[in-house]
Amino acid sequence: MIETILPAAAIAVEECDGPGGRSHPDHAAEDETPFPEEEAVIRDAVPKRRDEFRAVRRCARRALARLGHAPAPLLPGPAGAPTWPAGVVGSMTHCAGYGAAAVAERSQLSTLGIDAEADEPLPDGVLHLVARPDEITHLSAVASAGTFHADRLLFSAKESVYKAWYPLTQRWLDFDDVSVTIDRDGRRFDAVVLTPSAGPFRRYAGAWTVGSGLILTACVLAATA
């Protein structure tokens, strides 16, 4: 499902639990074996965290294989974002029953970010921590469709923007630092990073989809010549 909201230059692989899950019969056997370096990262994690960590790396290795990259450890960097092979940009995401990874050649995309969330309302009080005042007003129109949780969509869009932003800048963003405008009918969104130092990494184009109890978002920044 997530490949439908990414540009052709990106390759995505996902794993889903339940009747709609995908078995990925085309994957190579070696991508099922975690690397020792990865296992060391999650040695003390709870079982759920270990399962999610392994699942998104299986997805990432399958996607990287389609770019011609041999299996290799995909370790978190200092801020937790995955470290990709040279010349590759990518992103990973997981939520209950779902995991995905997307990759692209850096010559095609400068960066990309993906996010998956359960299609359910944000906990009480969280929207006002996530959304700018103008976004809360805008959400009332987006939510009028009544078929998905617009507050969770906004949260997911900002998460995907952050995942695209951080590899370019190595800097954190607060939710207030990003302004998102959602196109309900076109299932697109535009995002602007408002920090003065954003420079050429200020504007992002995104897309979203809803289905199987999930909200998925993706945003990219095209490669510059």
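**Close-up 1. The buried and exposed faces of helix 4.** In this predicted model, helix 4 (residues 133–142) has Glu135, Leu139 and Val142 as its buried residues, where buried means under 20% relative accessible area, exposed over 50% and partly exposed in between (1.4 Å probe, protein chains only). Because these residues cover an arc of only 55° around the axis, they lie on the same side of helix 4; the arc is that of the directions from the helix axis to the C-beta atoms. An α-helix has 3.6 residues a turn, so residues three or four places apart point the same way. The face turned away from the buried side of helix 4 carries the exposed residues Pro133, Thr137 and Ser140. The cover over the buried residues of helix 4 includes helix 3 (127–130), helix 5 (150–169) and strand 5 (178–183), with helices (H or I, at least four residues) and strands (E, at least two) taken as DSSP runs numbered from the N terminus. Residues are numbered from 1 along each chain as its sequence is written. Since the model is predicted, local features need pLDDT of at least 70 and side-chain atom pairs count only at pLDDT 80 or more, whereas totals for chains, interfaces and linings use all residues, and side-chain values use heavy atoms, with hydrogens and water left out.

**Close-up 2. The packing of helix 4 on helix 5.** The two helices, helix 4 and helix 5, pack at an angle of about 125°, with their axes 9 Å apart; axes are lines fitted to C-alpha atoms, for helices over the stretch in contact, and angles run from 0 to 180 degrees between N-to-C directions. That angle makes helix 4 oblique to helix 5, given that angles under 35 degrees count as roughly parallel, over 145 as roughly antiparallel, 65 to 115 as roughly perpendicular and the rest as oblique. Glu135, Leu139 and Val142 of helix 4 make the contact with Ala150, Asp151, Leu154 and Lys158 of helix 5, contact meaning heavy atoms within 4.5 Å.

**Close-up 3. The largest nonpolar core.** This core has 30 residues, and those with the most contacts inside it are Val161, Trp165, Val180, Ile182, Phe189, Val193 and Tyr204; a nonpolar core is a set of buried Ala, Val, Leu, Ile, Met, Phe, Trp, Tyr and Cys residues joined through side-chain atoms within 4.5 Å. Among the elements that give two or more residues to this core are helix 3, helix 4 and strand 7 (203–211), while helix 5 gives the most, with 10 residues.
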